[in-house]
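Subject: Structure handover

Hello,

Here is the structure we talked about, with the sequence alongside. Please open it first, then read my notes below.

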Amino acid sequence: MISWRKHYKRGLLAIGLLLSATASVHAQDGDPKNGEKLFKANCAACHDLEKQLVGPALGGIVDRLKTEQNLDTDWLHAWIKDNEALRASGDKYANEVFEKFNKTAMTPFPNLSDQDINDILAYTTNPPAPEPAAASEGAQDQNSLAALEKAKQESTNSKIVLISLFAIGGLLLWLLLKLKQLVKLQQTDELAALNETRAYSLAEVYAKYNTLGKVILGLLALFAFYGVWNWMMGIGVYKGYKPEQPIYFSHKIHAGDNKIDCQMCHSSAKYGKVSEIPSLNVCMNCHRNISEYKGTYMEPGKNKAFYDAEIQKIYAATGWDPATQSYTGKTQPVEWVRIHNMPDFVYFNHAQHVVAGEQAIISSHNKKNPNDQIDVVCKACHGKVDTMNVVQMANDFTMGWCIECHRTTEVDMNNGYNQEYFKNLHDKLKKQYPKTEGKITVDAIGGLECGKCHY
């Protein structure tokens with residue numbers, strides 16, 4: 001009897017060791033590098049290895065589940081593939097997790113194979129060492145230093161050029177003085193005395209150079225008029241204007257590197273007259289889970305700490321507490337500086353251009369600018385925003401600029417709506433605008449009528 005109990009206890013111990021070894025083997029069988037890719041593609045929206053986001057931190061989850069709940073990787077496989085079915089089966093811990101995280105159901109992943117899940121678990125157990133950021137930061141620092149040295153060198157060269165010009169000017173002045181002295185030495189005493197007593201009045205000079213004086217005055221008047229005209233035409237034109245914003249936002253990082261579509265943030269551009277400044281709720285769709293910058297791109301003069309601090313400004317403005325993953329209710333207004341602002345007497349409908357005129361505008365721009373091709377209609381007016389760290393006004397946005405666009409942008413007559421709408425006018429417009437070789441531009445369909453833009 002004693003021998004049987006002894007063997008029974010040994011058997012239980014062996015089973016326990018086997019289960020523990022099985023959990024460890026499952027984690028070790030996976031590929032952490034592939035698991036990292038799968039984790040970022042499927043899990044990173046809600047989970048982090050080190051801190052809680054929408055869901056719990058997953059670093060070391062295999063060992064924690066084994067130690068705290070005595071659950072192995074089979075439970076994790078079942079939870080990941082279909083956690084709803086696992087909860088419906090009455091699994092106690094599955095329902096506890098569901099209650100603990102505000103009854104937020106995790107997305108099931110039946111598409112993940114057992115090997116995929118093992119790879120993800122291997123990544124959470126033994127994440128591969130991150131590639132040394134110091135090297136890239138060091139390279140960027142070197143690039144910044146190189147740019148700084150280049151700027152210093154250019155500044156030094158400019159100073160040398162200026163000093164050289166002043167030296168040459170001084171030398172020429174000295175030569176003129178010496179030549180004057182030489183001329184005086186060549187003069188006779190009588191001629192020198194006569195030159196000293198001769199006086200020139202303004203009236204004499206004007207009478208002598210009357211015609212030349214009028215020409216010079218006329219030219220000066222023309223230059224003055226041209227200057228005043230240019231100054232007047234520049235009123236309200238702010239091309240290149242790029243003010244600092246209360247929260248730094250790099251379109252190059254968001255729209256360029258991360259390929260975020262313009263209309264994800266500026267959604268009303270497609271459906272309304274105005275393309276609004278996105279509210280911080282839109283920012284929090286992503287930054288609720290992105291509390292720090294992990295990108296490789298660094299704008300010269302900025303570092304990871306700078307970008308992280310700007311994200312914290314979003315949290316402060318929205319009242320978001322990343323520690324508790326909840327809103328405190330204490331919000332702060334953000335006073336954005338508007339860049340593009342049409343005058344009140346100008347009507348401009350974004351939806352009309354973004355939807356109806358999208359293909360026509362893109363095609364027209366690319367024909368006129370073969371070396372500056374665009375793929376998004378927004379870039380025709382706002383420039384290549386996806387390359388801008390700080391957004392600036394890329395065009396003049398004057399009346400002449402708009403009219404020129406209407407005169408050169410061809411209407412998309414392959415559009416079903418346009419084909420039907422202009423069916424009876426098409427031939428008439430071709431005859432009315434023979435120089436366009438049958439192409440109908442926006443001005444031909446009312447694009448130059450005053451009432452279209454002014455009311």
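Leucine 86 counts as buried, because its relative accessibility is 13% and the cut-off for buried is under 20%. Please keep in mind that this is a predicted model. Leucine 86 sits in helix H4. What does leucine 86 contact, leaving aside neighbours within four places in sequence? The partners are Trp75, Ala78, Trp79, Asp91 and Ala94. Take Trp75 from that list. Tryptophan 75 is 11 residues from leucine 86 along the chain, and their C-alpha atoms are separated by 8.8 Å.

Tryptophan 75 also turns up in the packing of two helices.

**H3 against H4**

Helix H3 covers residues 61-68 and helix H4 covers residues 73-88. Two packed helices are described by the angle between their axes and the distance between the axes. For H3 and H4 the angle is about 115 degrees, and the axes are 10 Å apart. The crossing is right-handed. On the H3 side, the contact is made by Ile61, Val62 and Leu65. On the H4 side, Thr73, Trp75 and Leu76 make it. By class, that contact has 5 nonpolar residues, 1 polar residue and no charged ones.

Look at the loop between H3 and H4 too: asparagine 70 is found there. Its phi is near 60 degrees, a positive value in a residue other than glycine. Is asparagine 70 buried or exposed? Asparagine 70 counts as exposed, because its relative accessibility is 55% and the cut-off for exposed is over 50%.

**H5**

Helix H5 comprises residues 92-100, and Ala94, Val97 and Phe98 are buried in it. Why are these three on the same side of H5? They cover an arc of only 100 degrees around the axis, and that puts them on one side together. The general rule is that an α-helix has 3.6 residues a turn, so residues three or four places apart point the same way. Lys92 and Lys100 are exposed, on the other side of H5. H4 is included in what covers the buried residues of H5. One contact already listed fits here: leucine 86 touches Ala94, leucine 86 lies in H4, and Ala94 is one of the buried residues of H5.

Now the ends of H5. Aspartate 91 caps the N-terminal end, with a side-chain oxygen 3.3 Å from the backbone nitrogen of tyrosine 93. Aspartate 91 is also one of the contacts of leucine 86. After H5 comes asparagine 102, whose phi is positive, near 55 degrees.

Tyrosine 93 itself lies in H5. Which residues does tyrosine 93 touch, not counting those up to four places away in sequence? They are Leu65, Gln69, Leu71 and Trp75. Leu65 and Trp75 both take part in the contact between H3 and H4. Tyrosine 93 and tryptophan 75 are 18 residues apart in sequence, and their C-alpha atoms are 9.9 Å apart in space.

**H16**

Further along the chain is helix H16, residues 358-368. Its buried residues are Ala360, Ile361, Ile362, Ser364, His365 and Asn366. What covers them includes helix H15 (350-356), helix H17 (378-382) and helix H18 (399-408). Histidine 365 is the one I would pull up from H16. Histidine 365 counts as buried because its relative accessibility is 13%. Its contacts, leaving aside neighbours within four places in sequence, are Asp372, Ile374 and Ala380.

**Two lysines**

Lysine 259 is in the loop between helix H11 (251-257) and helix H12 (262-265). Its phi is positive, near 55 degrees, and the residue is not a glycine. Lysine 259 is exposed, with a relative accessible area of 67%.

Lysine 40 lies in helix H2, residues 32-42. Lysine 40 counts as exposed, at 54% relative accessibility. Isoleucine 120 is 80 residues away along the chain, yet its C-alpha atom and that of lysine 40 are separated by 9.6 Å.

**The whole chain**

The protein has 455 residues, and 25% of them are buried. There are 21 helices and 2 strands. Of the contacts with a separation of 6 or more, 63% join residues 24 or more positions apart.

Best wishes

Notes. Residues numbered from 1 in each chain as written. Predicted model: local features only at pLDDT ≥ 70, side-chain atom pairs only at ≥ 80, totals over all residues. Heavy atoms only, no water. Axes fitted to C-alpha atoms, helices over the stretch in contact; angles between N-to-C directions. Helix = DSSP H or I, 4+ residues; strand = E, 2+ residues; numbered from the N terminus. Left-handed = near helix turned anticlockwise from the far one by under 90°. Contact = heavy atoms within 4.5 Å. Nonpolar A, V, L, I, M, F, W, Y, C, P; charged D, E, K, R; others polar. Buried < 20%, exposed > 50% of the residue type's maximum accessible area, 1.4 Å probe, protein only. Arc of directions from axis to C-beta. Polar contact = N/O pair within 3.5 Å; in protein donor to acceptor, adjacent residues only side chain to side chain.
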